[in-house]
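This note is addressed to a colleague in the first year of study. Please read the numbered points below with the sequence and the model at hand.

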Amino acid sequence: MRLVLSVPPEVAALWHGLFEAALPGAHVELREPGQAVDPGAIPADFVAIYGPCETVFTGQRGLKAVFALSAGIGHLLALPGLPRSVPLIRLEDAGMATEMIRYVQAAALRFVLRLDTYARQQREANWVQQATRAPSSLKAGVMGLGVIGAQVAQALVEQGFAVRGYAQSEKKLKGVQVFAGKSRLDAFLDGLNVLVSVLPATPATDGILNRQSLSRLADGAHVVNIGRGAALVDDDLVALVERGKLSGATLDVFREEPLPSDHLFWRYPEIVVTPHISGITGPAAAVAQVAGKIAQLERGEPVSGIVAFEKGY
Ligand code: GLV
């Protein structure tokens with residue numbers, strides 16, 4: 001069995017070693033960005049890819065599947081060479097959910113405790129005790145109820161929030177009021193105090209968080225984005241923060257990453273910017289998951305996590 005691996009050079013040795021250990025007897029070939037490919041090279045059975053590498057699909061005639069070493073796959077769908085005739089399989093959780101839950105819990109608690117207000121008061125040396133808030137008096141909504149979003153929603157339930165979820169299709173989640181389909185979006189958003197987006201970047205989610213939709217949130221609401229930056233219209237968020245409609249946002253993903261140094265978000269203390277760290281892929285868990293799925297495919301068994309090309313996730 002042959003696997004071609006494409007990951008950033010600084011972590012290549014680590015991933016290569018993990019794949020070799022997890023797939024004894026397999027030939028694991030590391031493909032560097034810009035590396036020339038011998039046209040006579042033996043084609044691989046599988047490709048595992050983290051960052052885009054323009055030559056990774058060159059000369060591949062017998063691929064059985066492509067594994068994305070990430071949960072989001074928008075960057076791979078944009079690759080001209082990505083074969084559409086074999087399954088593209090993305091990471092499912094692989095340790096990311098635990099980290100993303102922690103990130104959302106921190107942002108939600110910051111909102112509950114009004115730490116953003118106290119940060120402003122501190123800048124003004126202003127001692128004022130604000131009315132306390134209890135999670136049970138607050139509505140939190142999670143957009144995107146996939147493997148990660150569902151766990152995030154559940155964690156907010158455990159934190160005591162009244163939790164809603166928004167998904168494309170009906171889902172059952174204990175303690176979560178689920179709104180399914182575009183026609184239910186407004187009802188989902190109405191009066192939310194904390195909105196968390198775990199949405200992938202697809203044509204259907206592009207700009208879904210805009211002036212009109214965000215205006216439906218409760219006054220002083222807080223927006224958290226840990227999905228993909230394209231779901232949010234940046235200028236609309238800033239305008240709503242300026243107006244005081246939103247108290248602020250906690251953003252980990254952006255339309256352009258790294259976030260350009262002249263971007264408005266950097267200038268607003270109400271907008272917390274983190275550099276796409278809410279759910280870092282853990283190489284060991286990711287490799288174990290991919291190796292497990294390769295074994296399932298080789299036995300002719302079905303695997304989960306296959307991307308629906310028409311939906312874009
Ligand atoms: C991280 O953003 C991922 O998609 O895995």
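1. Two strands are said to pair if DSSP finds at least two bridges between them. With that cut-off in mind, β11 and strand β12 (residues 271–273) count as paired, because three bridges join them, in the parallel sense. Please note that the model is a predicted one.

2. Which residue of β12 is the bridge partner of Thr250? The partner is Val272. Thr250 also has a bridge partner in β10, for it is matched with Val224. Thr250 therefore serves as a useful landmark when one follows the bridges from β10 through β11 to β12.

3. Strand β10 (residues 221–225) and β11 run parallel and are joined by five bridges. Between these two strands the chain passes through helix α8 (residues 234–243), and the resulting β-α-β crossover is right-handed.

4. Is strand β11 (residues 246–251) mostly covered or mostly open? The strand is mostly covered, with five of its six residues buried. A residue counts as buried if its relative accessible area is under 20%.

5. An open sheet is formed by five strands, whose order is β2-β1-β3-β4-β5 and whose pairing is parallel. The edges are taken by β2 (27–30) and β5 (88–89); each has a single partner strand, so one side of each lacks a neighbour in the sheet. In general, the strands of a sheet pair through backbone hydrogen bonds, either parallel or antiparallel.

6. The pairing of β2 can be followed in detail. Strand β1 (residues 2–6) runs parallel to β2, and four bridges join the two. Within this pair, Leu5 stands opposite Leu30 of β2.

7. Which residues surround the ligand? They are Ser70, Ala71, Gly72, Met96, Arg228, His276 and Thr281. By class, this shell consists of two nonpolar residues, four polar ones and one charged one.

8. Oxygen atoms of the ligand lie at short distances from several polar atoms of the protein. A polar backbone atom of Ala71 is 2.7 Å from a ligand oxygen. Arg228 places a polar side-chain atom 2.7 Å from an oxygen atom of the ligand, and for a polar side-chain atom of His276 the distance to a ligand oxygen is 2.6 Å. Each of these pairs is a polar contact, because the cut-off for such a pair is 3.5 Å. The ligand taken alone exposes 190 Å², of which the protein buries 87%.

Terms used: Residues numbered from 1 in each chain as written. Predicted model: local features only at pLDDT ≥ 70, side-chain atom pairs only at ≥ 80, totals over all residues. Heavy atoms only, no water. Near = heavy atom within 4 Å. Polar contact = N/O pair within 3.5 Å; in protein donor to acceptor, adjacent residues only side chain to side chain. Areas by Shrake-Rupley, 256 points an atom, 1.4 Å probe, with all protein chains shown as cover. Nonpolar A, V, L, I, M, F, W, Y, C, P; charged D, E, K, R; others polar. Buried < 20%, exposed > 50% of the residue type's maximum accessible area, 1.4 Å probe, protein only. Right-handed = clockwise from strand over helix to strand, strands pointing away.
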